[in-house]
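Reader: I'd like to go through the ligand site and check the reasoning behind each label. Can you show me the model?

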Amino acid sequence: MPLKGQKIGFLGGGAMGEALITGLLRTGLVAPSEVYISDVDAQRLEVLRQKLSVNTTADNRAVVSAADIVIIAVKPHVAASVLKEIAALARPEKTFISIAAGVTISQIESCLEGPVPVIRVMPNTPCLVGEGASAVSAGKHAGEKSMKEALAIFNSAGAAVEVPESLLDCVTGLSGSGPAYMYVVLESLIDGAVRLGLPGDIARKLAAQTMLGAAKMVLETTDHPAKLKNMVTTPGGTTAAGLFALEEGALRSVLMKAVADATRRSREMSG
Ligand SMILES: NC(=O)c1ccc[n+]([C@@H]2O[C@H](COP(=O)([O-])OP(=O)(O)OC[C@H]3O[C@@H](n4cnc5c(N)ncnc54)[C@H](OP(=O)(O)O)[C@@H]3O)[C@@H](O)[C@H]2O)c1
């Protein structure tokens with residue numbers, strides 16, 4: 001139980017902050033009384049207080065003072081000023097976790113000064129429904145304890161893995177941007193079925209459930225997707241005909257290029 005007895009503070013109570021707190025409370029990893037949130041928007045804080053029964057304040061420094069684990073969940077362009085504001089309160093016994101896209105571990109470490117454990121995370125929007133995919137990277141002062149805390153927090157909002165920071169741009173190109181790729185695939189499948197006469201709501205439900213089911217097959221069997229694909233492909237059958245159309249349209253190379261282009265863009269933006 002890496003989070004037992006730990007107080008968790010959120011700087012920024014926006015969409016991602018709320019999603020993470022919801023996951024932590026739903027899985028019972030922390031009690032509402034152990035969660036602290038600060039935000040510049042008083043109305044937003046009131047909504048969160050009523051919805052989640054957590055402690056709220058307009059004062060970022062009060063959250064850092066109260067918390068053992070501090071999650072920086074503001075937009076990247078305000079991260080530097082928030083870090084400056086809280087810098088003097090950073091302590092080696094606290095863990096600082098940032099989800100601000102493109103803000104590097106060394107930037108955070110240099111703002112906070114001293115041997116402070118820093119963890120950088122790239123989550124994605126399905127955290128909002130408890131099915132996020134997050135990758136977590138450790139700073140030079142972050143030990144096993146901090147990493148276990150971060151993995152527990154992000155596993156409560158989906159699934160989390162540890163990668164070196166040098167791979168976070170690739171993670172951004174895969175799972176960070178990935179939900180948008182999946183929406184395009186779903187939209188296309190739905191449009192294809194509607195064109196042939198299937199009602200839109202039925203097509204939407206079947207397409208989304210098919211994507212969810214296929215993803216679960218990959219995660220739960222741990223088989224390579226190619227093996228699972230071959231299992232549903234009868235020689236001369238319908239799936240083989242559909243797959244040939246995908247090959248003609250170069251779907252595989254298009255998706256591989258999407259990951260590469262998004263990764264390059266992520267590098268440009270943080271570089
Ligand atoms: N959403 C995603 O899928 C996703 C994925 C990966 C990473 N991230 C990262 O997650 C972070 C949060 O994203 P989000 O979608 O949750 O953003 P968001 O909804 O805009 O939440 C940020 C919150 O912080 C508040 N805030 C602004 N300045 C502040 C300050 N000085 N002190 C305290 N709070 C302040 C904002 O208030 P105002 O709205 O009034 O400014 C807002 O309520 C971003 O850095 C983003 O890069 C998000």
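Author: Here is a short exchange about the ligand, its contacts and its pocket. Keep in mind that this is a predicted model.

Reader: What makes the second largest pocket the place of the ligand?

Author: A molecule counts as sitting in a pocket if more than half of its atoms lie within 2 Å of the pocket's grid points. The ligand passes that test, as the space it takes is the second largest pocket. That pocket has a volume of about 600 Å³. It is lined by 26 residues, with M16, A73, V74, K75 and I99 closest to its centre. Two elements each give two or more residues to this lining, α1 (15–26) and α4 (76–86), and α4 gives the most, with 4 residues.

Reader: How do you know that D39 makes a polar contact with the ligand?

Author: The cut-off is 3.5 Å between N or O atoms. An oxygen atom of the ligand is 2.7 Å from an N or O atom in the D39 side chain, so the pair qualifies.

Reader: Why do A101 and P76 count too?

Author: Here the partners are polar backbone atoms. For A101 the distance to a ligand oxygen is 3.0 Å, and for P76 it is 3.5 Å. Both values are within 3.5 Å, so both pairs count as polar contacts. As for cover, the ligand has 890 Å² of accessible area on its own, and the protein covers 75% of that.

Reader: Which residues are closest to the ligand, and what makes a residue part of its surroundings?

Author: A heavy atom within 4 Å of the ligand is enough. There are 21 residues around the ligand, and the closest are M16, D39, V74, I99 and T125. In this shell, α4 gives the most, with 3 residues.

Reader: What is the shell made of, by class?

Author: It has 13 nonpolar, 5 polar and 3 charged residues. For the pocket lining, the split is 14 nonpolar, 9 polar and 3 charged.

Note on methods:
Residues numbered from 1 in each chain as written. Predicted model: local features only at pLDDT ≥ 70, side-chain atom pairs only at ≥ 80, totals over all residues. Heavy atoms only, no water. 1 Å grid on protein atoms, 1.4 Å probe; cavity = no way out; pocket = protein on both sides within 12 Å on 5 of 7 lines; lining within 4 Å. Points joined across faces, edges and corners; volume = space filled by probe spheres on them. Nonpolar A, V, L, I, M, F, W, Y, C, P; charged D, E, K, R; others polar. Polar contact = N/O pair within 3.5 Å; in protein donor to acceptor, adjacent residues only side chain to side chain. Areas by Shrake-Rupley, 256 points an atom, 1.4 Å probe, with all protein chains shown as cover.
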